[in-house]
Amino acid sequence: ALINPLKLHFSRSLLSPIYPFSAMAAQDSTTLAKINYYLREKYYQHMQKVVLECVTKYGTDPVLVFWKAVGEIMEDRIAEGMRNLQTIKDKRDVILCSSMALVYAHKRCSTIDKEA
């Protein structure tokens, strides 16, 4: 019998945690809670410190790169944040959130590149 790949993917994603494809998120929910708390309370520098600690622990996980870029954008370091988002915009686990963050960052820019 043939297996429908869409059905298999859907059943896997139902069994997975919050971020279905991220190895870091499956292992360390405390870190994600810290990141979300610091973001909600507008402690962007603390959020970036937590992310950098996790990068040394887990490597460059796309979810971590996304949160680092969000922190940079919120601190008005928009060019750095957009550069980091560009590196992960085609990753399957963060494709939607990175695209939305790029649009948000582009709207916050003071000088807008017409070719972008």
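## Helix packing and salt bridges

Helix α3 passes α4 in a left-handed crossing. This is a predicted model, so here's a quick tour of that helix pair and of some charged side-chain pairs. A search of the whole structure turns up six salt bridges, and three of the bridged pairs get a closer look below, among them D76 with R108.

**How α3 and α4 pack**

- Two packed helices are described by the angle between their axes and the distance between the axes.
- For α3 (residues 29-40) and α4 (residues 44-58), that angle is about 160° and the axes sit 8 Å apart.
- An angle over 145 degrees counts as roughly antiparallel, so α3 and α4 are roughly antiparallel to each other.
- On the α3 side, the contact is made by T31, K34, I35, Y38 and L39.
- Facing them from α4 are Y44, H46, M47, V50, V51 and C54.
- Sort the residues of this contact by class and you get eight nonpolar, two polar and one charged.

**The R40–E41 bridge**

- R40 and E41 join their side chains in a salt bridge, at 3.8 Å from N to O.
- R40 counts as exposed, because its relative accessibility is 57% and the exposed class starts over 50%.
- E41 is partly exposed, with a relative accessible area of 34%.

**The D76–R108 bridge**

- Here the side chains of D76 and R108 meet in a salt bridge with an N to O distance of 2.3 Å.
- This pair ties together distant parts of the chain, with the two residues 32 residues apart.
- D76 lies in the loop between α5 (62-74) and α6 (78-88), while R108 belongs to helix α7 (residues 95-108).
- What about accessibility? D76 counts as exposed at 54%, whereas R108 counts as partly exposed at 28%.

**R77, E80 and their network**

- R77 and E80 form a salt bridge between their side chains, 3.6 Å from N to O.
- Both ends count as partly exposed: R77 has 29% relative accessibility and E80 has 33%.
- There's a wider link too, as salt bridges with shared partners join E75, R77 and E80 into one network.

How values were computed
Residues are numbered from 1 along each chain as its sequence is written. This is a predicted model: local features need pLDDT of at least 70, side-chain atom pairs count only at pLDDT 80 or more; totals for chains, interfaces and linings use all residues. Side-chain values use heavy atoms; hydrogens and water are left out. A salt bridge is a side-chain nitrogen of Lys or Arg within 4 Å of a carboxyl oxygen of Asp or Glu. Buried means under 20% relative accessible area, exposed over 50%, partly exposed in between (1.4 Å probe, protein chains only). Helices (H or I, at least four residues) and strands (E, at least two) are DSSP runs, numbered from the N terminus. Axes are lines fitted to C-alpha atoms, for helices over the stretch in contact, and angles run from 0 to 180 degrees between N-to-C directions. Angles under 35 degrees count as roughly parallel, over 145 as roughly antiparallel, 65 to 115 as roughly perpendicular and the rest as oblique. A crossing is left-handed if the near helix is turned anticlockwise from the far one by less than a right angle, and right-handed if clockwise. Contact means heavy atoms within 4.5 Å. Ala, Val, Leu, Ile, Met, Phe, Trp, Tyr, Cys and Pro count as nonpolar, Asp, Glu, Lys and Arg as charged, and the others, Gly among them, as polar.
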